[in-house]
Amino acid sequence: MAVYQCSINGQIRPIEAADPDQPLLYALRNDLSLTGAKFGCGLGQCGSCSVLVDGEAIRSCQLSVSQAVGKTITTLEGLGTIDNPHPVQAAFITEQAAQCGYCANGMVINAAALLGRNHKPSLDEVKQALANNLCRCGTHDRILRAVMRASGQVMP
Amino acid sequence: MTDSNLPHLNRRDLLRAGSALIVAFSSSASQAQQRNTPQLKAGKTLKTDEVDGFIALAPDGTATIYCGKVDLGTGLRIAIPQMAAEELGLPVEDITLIEGDTALTPDQGPTAGSSGIMRGGVQIRQAAATAREALIGMAAQQWGKPRAELTVSDGYVIADGTQDRLAFSALLNGKPFALKIDEKAPLKNPADYSLVGKPLPRPDIAAKVTGQHPYMHDVTIDGMLHARVIRPHAVGASIAAIDENTIKALPDVTIVRIKNFLAVVSRNEWTAIRAAKELKVTWSNPAGLVGHDKVKGWMVAAAGDPAQSAGKEVLNQKGDSAKTLTESKQVLSASYYWPLQSHASMGPSCGIADVRADGVTIWSASQATHRLRGICARILERPLDQVRVIYRDGSGCYGTNGHDDVCADAALISKALGKPVRVQWSREDELGWDPKGPPQLLAMRGAVNGEGKLSAWETEMWLPKATASLPNIPMLGPEAAGIAQPQGLSTGLISQNAHPPYAHPHLSVKVNWLKDSPLRPSNIRAPGKIANSFAVESFIDELAASAQRDPLEFRLEGLTDPRGLAVCRKVAELMAWQARPSPAKSGSLGRGFSYVHYKFNETYVAIGMEVEIKRRTGAITVKRIVCAHDCGLIINPDATRQQVEGNILQTLSRTLFEETQFDQAKVTSVDWQSYPLLTFPDVPELVIALLDQPHLPPLGAGEAACAAVPAALANAVYDACGARLRNVPFTPDRLKVALARGYA
């Protein structure tokens, strides 16, 4: 059993894993009780398991624990809290932008990454940035509104 | 996080987050037995006809509402407390809602058929009204005043024009109501509503977007093992050989085999996933399925085969359509097909079972926890009162997806090992093995008379026949394990909305019932109505076009229901609809319209759509969707609006992209590339008008709008380019074929 020292939400967290290829997702959820990231496909296709890795949205089902060492990882829990939400989270709450909410982790993480590199994206840029994040409930319109709101803009 | 820690969203947290009420998750004791049969407060019942089934008032003045229906991401968690608080005379934040827990909530039936508010909420509202009347009666007696002088507010009975007030808790004095629900207990006048009709925020959203919401998938139980079920390489195949050596290198893996049910179990989830992937299993006897591209032909052939036909039935007959059609100068005919589709939940199903000698506890995201309780009792051969199902939010299910199956899997494995077991399906499991929406084939014939009016209409359908009084669909795990269970099909009510809601002097609606479906079917959102409305509302447009009539005018002249007229006119107004026949002249831009009166007795929906098509690529771009929606009394307009948005976008996805593909062995569309969904770049502008009817009963908003989407899209495509799409999904290839020959 090897131990991988990972920087997660501002703390170095040791992760024990027998398999260096074990995806980070399972360590977050089962070992660190960080269940914000969700298992959706395990194929990197849906985005439900996204985390920020050095500010970029990465699918934690495709990132192994060994690859995670030396990187700065932020999960949905590290982004903000109910008391002190990140602006993207606050905008999602204001717009009530979740139904079942299973995809919400991926939406918030990817939106936060987008706004980190582009403070005032156009609606089309938001759509493109979220193009590989799937939602089944049909909450897309509210999610777009929330991201526009988080960037200080109103949906056209 | 263990389950006993689940209620970690305290009331203060939620209030701080801007939410208006408490969400409670029934906490469970650490001991299995207590967990299985929690101590109920004195007088608390599980009966649907008693106030104490649904409502408990605490000494501190707060109330707990026990709701047999569950919030599937639909907003019931705020809407039900709004209804209860309004009638009871309590602040909504003083209400705690417990959902679906079979040990605590009355069985109000599955949260299906858009019935959460319409039936579940209405039942609880009546219980609240009965409770309020009882409290007023108690105060009247205590004060010796006439009831008419008393009102309720904020948890008190108040004597009009005085300072006198009595707290509900003081009146009850710790006792239960011990009352049957009075169906005649008066309901509050809607003019006096202070909670119903308000867009109160949902209490779960802040937690959902900060990673604090306790989903089914996040629940852990002390000593819990992770399991993966290995499904056969062909439907119904049996195990020929298992090579255990292939996973010898993996530590801590147990193989559970019960006949052809096979699972791998480990304390570590990733190890279980690897074991499921790496264990070499040889399967025998492939399935002999129809294949997705041959379903239409199979349906027609099966109807003519006595071994496969479940009979013909006339559902509706008026006048003499056959004679009228024979005598008509021009008769149109067309057939429409809706394919098998997956519920395609974002999160594959997950369940936990703890099967012990002294009781069974199941954690589930099922839309039907009470039904699931019976399923688990039967497959485990336990009396019903030994089984408790605790509800936790899952990924949206939109019908019977894999939620029930996964719990049956977990129950079998937990029973075999005597330990709590969590089963998480894979993406391939969910798209491959969730029960599917059944296929539907419809053939229409119709004619327009010399005055340009609809003169005759015939619908003939080919549909799998649901098995009467089937308690549940056969579960995959028990089936493989050789456990006897009731056999049959479950589809939801799929033959409704099969004729136009417009004047039709001569009408015939027939169905060819089939004994089987190509893959195990279940109810999927707006069961059947989505396909039938697609066919009916497309064919109405075809008839209008043949008579060179404006499709909206053609509808409106045959529509008399004022609520139906209102939603149609609202959409026309929002689209600035100009009367003209289809197709338009532009060749690439089009508009379409569709109207549905759901089940002919529920919600009214009209949808208009604006599209652009590309002739070269066959691509369809939906630019704008306009919807007018009348579901009677609106409890929470923002949650209702969100349901309508979800109905529209999900159905746009189903219409444009979705078909479960399968070969002779099994489903082959098992990831998001082979089973694509609508993505953000496909999302049009949405304009939604909710027409409130404060003095009418509340109806469902969970599925009606779905039914109006596909035809509005097909009609808009036809208007854009003169090509008629009659087969779902509307792929670019199909549009190119339709452009070449006029239809596809």
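**Exercise 1. Determine how many residues chain A and chain B each bring to their contact, and describe the side of chain A.**

Solution. The contact takes 52 residues from chain A and 51 residues from chain B, in a model that is predicted. Next, consider the helices on the side of chain A that touches chain B: α1 (24-31), α3 (76-79), α4 (87-94), α5 (104-117), α6 (123-129) and α7 (140-150) each supply at least two residues. Of the elements of chain A, α7(A) gives the most to this side, with 4 residues. Finally, sorting the residues of this side by character yields 23 nonpolar, 21 polar and 8 charged.

**Exercise 2. State the domain assignment of chain B and describe how domain 2 touches domain 3.**

Solution. The assignment divides chain B into domain 1 (3-213), domain 2 (217-286 + 343-433) and domain 3 (296-340 + 437-741). The C-alpha centres of domain 2 and domain 3 of chain B are 35 Å apart. Their contact draws 29 residues from domain 2 of chain B and 25 residues from domain 3 of chain B. On the side of domain 2, at least two residues each come from α11 (369-380), α12 (403-417) and α13 (427-433) of chain B. That side of domain 2 comprises 14 nonpolar, 7 polar and 8 charged residues.

**Exercise 3. Identify the residues with the most contacts inside the largest nonpolar core, and the helix that gives the core its largest share.**

Solution. The largest nonpolar core has 276 residues, and V605(B) and V717(B) have the most contacts inside it. Helix α19 (residues 704-721) of chain B provides the largest share of this core, 15 residues. Leaving aside neighbours within four places in sequence, the contacts of V605(B) include V567(B), V596(B), Y598(B), C627(B) and H629(B). Also in contact with V605(B) are A704(B), A705(B), A707(B) and A708(B).

**Exercise 4. Explain why helix α8 of chain B is described as largely enclosed, and find what its buried residues pack against.**

Solution. A residue is buried if 20 or more other C-beta atoms lie within 10 Å of its own. In α8(B), the residues E269(B), W270(B), T271(B), A272(B), I273(B), R274(B), A275(B) and A276(B) are buried. Because 8 of the 10 residues of α8 (residues 269-278) of chain B are buried, this helix is largely enclosed by the rest of the structure. The buried residues of α8(B) pack against α1 of chain A, and also against β8 (225-229) and β11 (261-266) of chain B.

**Exercise 5. Decide whether Q11(A) is buried or exposed.**

Solution. Q11(A) belongs to strand β2 (residues 11-17) of chain A. Q11(A) counts as exposed because it has 9 C-beta neighbours inside 10 Å.

Notes
Residues are numbered from 1 along each chain as its sequence is written. Chains are lettered from A and ligands numbered from 1 in the order in which they are written. This is a predicted model: local features need pLDDT of at least 70, side-chain atom pairs count only at pLDDT 80 or more; totals for chains, interfaces and linings use all residues. Two residues are in contact if their C-beta atoms, placed from the backbone, lie within 7 Å. Ala, Val, Leu, Ile, Met, Phe, Trp, Tyr, Cys and Pro count as nonpolar, Asp, Glu, Lys and Arg as charged, and the others, Gly among them, as polar. Domain bounds come from an automatic or database domain assignment. A nonpolar core is a set of buried Ala, Val, Leu, Ile, Met, Phe, Trp, Tyr and Cys residues joined through C-beta atoms within 7 Å. A residue is buried if 20 or more other C-beta atoms lie within 10 Å of its own, exposed if 12 or fewer, and partly exposed in between; C-beta atoms are placed from the backbone.
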